[in-house]
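Reader: Could you take me through one part of this model in detail? I would like a close look at the salt bridges, please.

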Amino acid sequence: MEKPILQLSHITKVYPGVTALDDVSLEFYPGEVHAIVGENGAGKSTFIKSITGAIQPTKGEIIYRGTVLQNNNPAKSLDAGIVAIYQEFNHFPFLSVAENVFYGSYPKKGLLVDFKKMEKMTGDLMADLGVAIDPLAQLRELSVGYQQIVEIAKAISRNAKVLIMDEPSAPLTENEVEKLFAIVKKVKADGVAVIYISHRMEEIFSLSDRVSVFRDGKYIKTMNTADTNADELVKLMVNRTLGEQYPAKGYQRGEPVLEVRGLATPMLKDINFTAYRGEILGFAGLVGAGRTEVARAVFGADKISGGELFLHGKRIKINSPADAIRSGIGLIPEDRKRHGVLLGMSIMENITYANMQEISKWGVLNGSKDAQTGEEYKDILRIKTPSLKQLVKNLSGGNQQKVVLAKWLFTHCEVLIFDEPTRGIDVGAKQEIYFLMKQLVEDGKVIIMISSEMPELLGMADRIIVMREGKIAGTMMTREANQESVLKLSSGL
Ligand SMILES: Nc1ncnc2c1ncn2[C@@H]1O[C@H](COP(=O)(O)OP(=O)(O)OP(=O)(O)O)[C@@H](O)[C@H]1O
Ligand SMILES: [Mg+2]
């Protein structure tokens, strides 16, 4: 075998109350895709951040191209060819796509930034990646999926020797994932060592050459991907047996609860649908099809230019998210970092602040009830933390997601809209969330579920509305649908 390009030797990282990484040693080789898997909070991102110098390990050494990295930091490791796409985006929403791609290494003409050249180079890069993204668009105008592709373009433009991707596919839809795979394969063929973190099993198997499992901050095992299977990986990750992934279907359609008539926004045209009691109503579509826009419009987060909403047959007016919550409509947003969670507050505060009435009496917070609720949800969703007082920003990515879900489950809204509910969530917790959702509909709630993961949508939804280019392209009963028929309708083929 070739010499490893990167070696981590006995890396330990200790935070107050948590050993995030415990004596982990691992080697990476050029031209190889090495996947890292593990439950939320297993230490994957901490491992990555140790490599880039974003954090300093408590103990251990990192050897890159034969020499120990001293006083490592992100700028230095980037210079040396270690490029990371983090789970948390590190981009600039108010700069253009081109400025984001070339941030820190703008092409220059004399002393000035050569904007023309930068625009051209970005355009070429996007063409290479096979996506139509305007180099001059402001980043914040793009969907989360497209923003992620800009991140990838940025990494590729940096001549990486080691390319680290921490859940790059999480915000992407199926056909964008295909693009991502093509990119990873190309980079690998160029001799780059790729480190790939994902909670999606199919990706691990179609992309990686080797796979390493982490659990509770400990290194468990490395295997040739060809010599293992999903069952074995899951077992190593969770160290317990998981039953069926999806709850049994049993669709009892009740009366209509939410009716949407002729809904329109600058992005949406004439959206009509009804959500019934006891049903999980799925929304499928490609990125940009308008699924999130429907959710946001119903929730009062975006202004609508036309249309009416009815709840139990009565017309309601929703001009803001506060109106929606008052009417019993909740939205668990896809971009939770921006809309879902207060990073600087504790887990407990995050879980309970949307529904203070329930745990307070005459305006005074009942502290013990608060704690009890927090503990309950922490257990149900397996939020990994030493304490509910921990600030959410100190949690792993997946555990932050769980906090947002807990918060919304706790509001007891009658209609819950989940936008990509299991993005970034580990196998075990995914299953818990599916069963919780099923329980909610059995208790009489209505769930609208937007998902880009087709197996999840087919496994959970009773009915699926397929969107395309801001319109409803069709509706099908899930028992009559399959991956192909949904994809066909979403792409208009
Ligand atoms: N700044 C911090 N302060 C305290 N604890 C931290 C901090 N950063 C990470 N941790 C803890 O370290 C552990 C490992 O976190 P890490 O982010 O590496 O997990 P992960 O495997 O990437 O999980 P996920 O799949 O959810 O992204 C978690 O228990 C997390 O709460
Ligand atoms: Mg992580």
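Author: Happily; here is a walk through several of the salt bridges, one pair at a time.

This is a predicted model, in which local features need pLDDT of at least 70 and side-chain atom pairs count only at pLDDT 80 or more, while totals for chains, interfaces and linings use all residues. Residues are numbered from 1 along each chain as its sequence is written, chains are lettered from A and ligands numbered from 1 in the order in which they are written, and side-chain values use heavy atoms, with hydrogens and water left out.

Side chains of opposite charge can pair when their charged atoms come close. Here a salt bridge means a side-chain nitrogen of Lys or Arg within 4 Å of a carboxyl oxygen of Asp or Glu. The structure holds 21 of them.

Let's begin inside a helix. Lys 120 and Asp 124 form a salt bridge with an N to O distance of 2.8 Å. Both sit in helix α4 (residues 115-129), and because they are four residues apart, about one helical turn separates them. (Helices, H or I of at least four residues, and strands, E of at least two, are DSSP runs numbered from the N terminus.) Lys 120 is exposed at 52% relative accessible area, whereas Asp 124, at 41%, is partly exposed. On this scale buried means under 20%, exposed over 50% and partly exposed in between, with a 1.4 Å probe and protein chains only.

Next comes a pair between loops. Glu 255 and Arg 277 meet in a salt bridge at 2.9 Å, N to O. Glu 255 belongs to the loop between α8 (230-238) and β13 (256-264), and Arg 277 to the loop between β14 (271-276) and β15 (280-284), so their pairing ties together parts 22 residues apart in sequence. Glu 255 is partly exposed, with a relative accessible area of 36%, and Arg 277 is partly exposed too, at 24%.

The last pair is a buried one. Glu 453 and Lys 430 form a salt bridge whose closest N and O atoms are 3.8 Å apart. Glu 453 is in the loop between β22 (446-450) and α17 (454-460), while Lys 430 is in helix α16 (residues 427-442), so this pair ties together parts 23 residues apart in sequence. The relative accessible area is 12% for Glu 453 and 6% for Lys 430. These two residues also belong to a network of salt bridges that links them with Arg 200 and Glu 203.
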